[in-house]
Amino acid sequence: MRKLSRYVGYRTLKTAFGAAIAIYIAYQINLSYAVSAGIILVLSVQNTKRKSLDLALMRIGSTVLALLTAAAVFLIMGYTPWAFGIYLLIFIPLAVKLRFNDGIVPSSVLVTHLLLERSVSLAWMTNEMLIMGIGAGLALILNIYMPSFEKALSEDLAEIERLMKDILMRMAYSLRTQTVSVEDQVVYQTLERKLKEGHDRALTEAGNHLIREVRYYVKYMEMRSMQFEILKFMRLHFERFSQTYEQTKMVAAFTELVADQFHELNTVKELISDLKAYKAMFRSMELPKTREEFENRASLYQYLNDLDHLLEVKRSFVEELTEADRKRFREDLEENRKLG
């Protein structure tokens with residue numbers, strides 16, 4: 001099975017197995033159009049438990065609505081192509097209004113069975129409901145087990161923090177040397193790709209918890225994505241830096257300090273306090289003597305403001321954590337202390 005999963009995805013295996021079982025069950029209880037149960041299952045298997053549950057409830061609701069609408073139309077207009085068209089004119093707007101959008105197609109396929117059989121008897125209505133129940137219900141059962149992404153997410157966090165630290169270290173080096181490495185763009189592109197992958201994984205992990213809310217990793221990825229946008233903006237300042245002054249060396253040193261403490265568990269309160277001290281020190285220093293020095297120092301001060309914004313994003317993230325998030329944060333902090 002493990003060797004097979006290398007070439008065929010877990011969801012594909014689950015879908016193929018489930019479709020066969022759904023059709024088998026439908027045949028065993030003598031349902032007509034039993035193969036439709038397999039098709040319903042194929043359309044109902046999702047990436048997360050939450051999506052699967054929402055879709056199952058939606059499709060059962062849409063099936064009830066579709067069968068009742070079709071029964072009323074067919075009894076009045078008969079079993080004709082025109083009657084099916086009228087059914088769609090009524091059913092689709094109602095389904096959209098009730099947010100049953102994803103149930104429109106499979107429910108309408110079941111209605112065609114009534115049209116073919118020219119009957120809306122209780123037996124046929126039950127037959128169609130059972131087809132939908134088997135397909136959607138079995139898909140929901142198959143989605144009870146979902147592999148956890150927490151280990152992969154922890155690795156994502158570590159890699160994202162490593163890349164961001166690397167970027168800040170590169171900025172500190174550029175401040176001191178007035179040079180920008182051609183490799184910087186590769187680091188930015190790698191970080192951008194990793195943030196997207198991590199965010200997608202975090203959303204999947206959150207969707208696999210039906211009882212408790214698990215949004216910590218989603219919030220974390222959103223926070224780091226905001227910081228990434230700030231880092232891209234900070235990079236533009238280096239187009240205006242032309243000389244190395246005493247203030248430049250100070251800002252480079254502080255940038256390295258931020259990089260050294262750039263990890264998930266830092267609440268950044270001390271860094272923000274240190275940054276305020278740096279700004280106060282800047283204001284108390286001797287005024288620039290040349291226009292070039294003035295422009296350079298102005299750019300440095302704006303760079304510090306952006307760095308301040310970068311830290312404030314992290315502080316807001318920590319302050320807005322829910323109690324469940326804070327518990328996970330404290331657990332990570334305690335684990336980090338043990339390892340440290």
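Which residues line the second largest cavity? In this predicted model, the lining consists of Arg224, Gln227, Val258, Gln261, Phe262, His263, Asn266, Val268, Leu271, Leu311 and Lys314. About 60 Å³ of space lies inside this second largest cavity. Sorted by class, its lining holds 5 nonpolar, 4 polar and 2 charged residues. Helices H10 and H13 each contribute at least two residues to that lining.

The same two helices meet again in an aromatic contact, which is best introduced through the ring pairs as a group. The count of aromatic pairs in the model comes to 6. One of them joins phenylalanine 84 and tyrosine 87, with 5.5 Å from centre to centre and 35° between the planes, a tilted arrangement. Both residues belong to helix H5, which covers residues 81-97, and they sit 3 residues apart, about one turn of the helix. As a rule, an α-helix has 3.6 residues a turn, so residues three or four places apart point the same way. Ring pairs also bring in Phe91, linking Phe84, Tyr87 and Phe91 into a cluster. Within this cluster, tyrosine 87 has a relative accessible area of 0% and is therefore buried.

A further pair involves tyrosine 220 and phenylalanine 317. Their ring centres are 6.3 Å apart and their planes stand at 75°, so the pair counts as edge-to-face, a label given to angles over 60 degrees. Tyrosine 220 is part of helix H10 (residues 216-235), while phenylalanine 317 is part of helix H13 (residues 291-319); the pair therefore ties together parts that are 97 residues apart in sequence. Are these two partners, tyrosine 220 and phenylalanine 317, buried or exposed? Both tyrosine 220 and phenylalanine 317 are buried.

Attention now turns to empty space elsewhere in the model. Rolling a probe the size of a water molecule over the atoms shows where empty space is left. The count comes to 2 cavities of 30 Å³ or more, and the largest cavity has a volume of about 80 Å³. Its lining is made up of Ile167, Arg170, Met171, Ser174, Val180, Asp184, Tyr188, Arg235 and Phe238. By class, these lining residues of the largest cavity divide into 5 nonpolar, 1 polar and 3 charged. Helices H8 and H9 (184-207) each supply at least two of the lining residues, and H8 gives the largest share, 4 residues. Two members of the lining, Tyr188 and Arg235, also take part in a contact of their own: arginine 235 lies over the face of tyrosine 188, at 4.6 Å from the ring centre.

Helix H8 itself deserves a closer look. What span should the 28 residues of helix H8 have, at 1.5 Å a residue? The expected value for residues 150-177 is 40 Å, and the C-alpha atoms at the two ends are 40 Å apart, so the expectation and the model agree. Just after H8, glutamine 178 adopts a positive phi of about 60°.

Serine 154 also belongs to helix H8. This serine 154 has a relative accessible area of 40%; because that value falls between the 20% limit for buried and the 50% limit for exposed, the residue is described as partly exposed. Serine 154 and tyrosine 217 are separated by 63 residues in sequence, and their C-alpha atoms are 9.1 Å apart in space.

Technical notes
Residues are numbered from 1 along each chain as its sequence is written. This is a predicted model: local features need pLDDT of at least 70, side-chain atom pairs count only at pLDDT 80 or more; totals for chains, interfaces and linings use all residues. Side-chain values use heavy atoms; hydrogens and water are left out. The expected span of a helix is 1.5 Å times one less than its number of residues. Rings of Phe, Tyr and Trp (its six-membered ring) pair if their centres lie within 6.5 Å; planes under 30 degrees apart count as stacked, over 60 as edge-to-face and the rest as tilted. Buried means under 20% relative accessible area, exposed over 50%, partly exposed in between (1.4 Å probe, protein chains only). A charge sits over a ring if NZ of Lys or CZ of Arg is within 6 Å of the ring centre and within 35 degrees of the ring normal. On a 1 Å grid over the protein atoms alone, a cavity is a set of points where a 1.4 Å probe fits but cannot get out, and a pocket is an open set with protein on both sides within 12 Å along at least five of seven lines; lining residues have an atom within 4 Å of a point. Grid points are joined across faces, edges and corners, and a volume is the space filled by probe spheres set on the points. Ala, Val, Leu, Ile, Met, Phe, Trp, Tyr, Cys and Pro count as nonpolar, Asp, Glu, Lys and Arg as charged, and the others, Gly among them, as polar.
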